[in-house]
Amino acid sequence: MRQSMVSTSITTFVALLLTCSVYANEADTKSTFTPLEMKWLRAGWPVLSYADDQHLPIDIIVQSQAAAGEVPFAMGVENGRCKLVLSMRGNPEAEAPIANLPTELQALAIEAMTAHEMAHCWRYMNGMWHALPAGFLDAGQETDRDTKLAAMQQAMSETRREEGFADLVGLAWTLRTHPEHYAAIHAWFERVRAAEPISGSHHDTRIWLQLAAQPQNFPSAASLFEQANHLWAQGLQSK
């Protein structure tokens, strides 16, 4: 990971949101969040607060300059802590995922994306990353794992499963907090994922989005992750 410009924990950031709104207007952007970064972090704050309640160790990392083709908003893990990384400075694709949404839906989409990234952290921190539920067999284990193609297919399948789970958490969040906008955010997820060039590729989560088309398919559960697990397992069964 390249040298970050700003790094803070969720708890510290929440305090900043409550007491230091001037960060969005500071002239010295070398040591503060930019207005664009504050827009995304403010929109995602309810999710980050929920993550804090779930005792997920998330730090917010702001890169000083994005590299070409770098994902603007992503989750990583380093030294046993999750890192929500914003690579928006100098990045023309910073708001590409929400560019075509009406203004009133953009913050809700950012919330859903933040919940998606939170789900990755939850899977990592609970030792579930790339793991299947009990009773499920990874189809990749039945292939010749010594070939380059088999290894690529296995990696693609593992990533697709994690992306599917995270999409479901993003939708479960929307259903819980903004049920009146669930259909619109679900449709947005479908448009984003339909842009995948190859069926079955890393971010082709359409099998799970189909299951989530009807919000009543999510069970009542104490946590978003339990809700997502139910539909995630159904999607794995139908693959």
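This passage describes the packing of two helices and a disulfide in a predicted model.

In the predicted model, helix 3, spanning residues 103–125, packs with helix 5, spanning residues 182–194, at an angle of about 65°, and the axes of the two helices lie 10 Å apart. Because angles of 65 to 115 degrees count as roughly perpendicular, helix 3 and helix 5 are therefore described as roughly perpendicular to each other. The crossing of these two helices is right-handed. On the side of helix 3, the contact is made by Leu105, Leu108, Ala109, Ala112, Met113 and His116, whereas helix 5 contributes Ala184, Ile185, Trp188, Phe189 and Arg193. Classified by residue type, the contact of helix 3 with helix 5 comprises 9 nonpolar residues, together with 1 polar and 1 charged residue.

Helix 3 also takes part in a covalent link, since Cys121 of this helix is paired with Cys82 of strand 4, which covers residues 81–86. A search of the whole structure finds 1 disulfide, and this disulfide is formed by Cys82 and Cys121, with their sulfur atoms 2.1 Å apart. The two cysteines are separated by 39 residues, and the pair links distant parts of the chain. The link of Cys82 and Cys121 has a value of 90° about the S-S bond and is right-handed. Both partners of the disulfide, Cys82 and Cys121, are buried. Helix 3 thus carries residues of the contact with helix 5, among them Leu105 and His116, as well as Cys121 of the disulfide with strand 4.

Conventions:
Residues numbered from 1 in each chain as written. Predicted model: local features only at pLDDT ≥ 70, side-chain atom pairs only at ≥ 80, totals over all residues. Heavy atoms only, no water. Axes fitted to C-alpha atoms, helices over the stretch in contact; angles between N-to-C directions. Helix = DSSP H or I, 4+ residues; strand = E, 2+ residues; numbered from the N terminus. Parallel < 35°, antiparallel > 145°, perpendicular 65-115°, else oblique. Left-handed = near helix turned anticlockwise from the far one by under 90°. Contact = heavy atoms within 4.5 Å. Nonpolar A, V, L, I, M, F, W, Y, C, P; charged D, E, K, R; others polar. Disulfide = S-S within 2.5 Å. Buried < 20%, exposed > 50% of the residue type's maximum accessible area, 1.4 Å probe, protein only.
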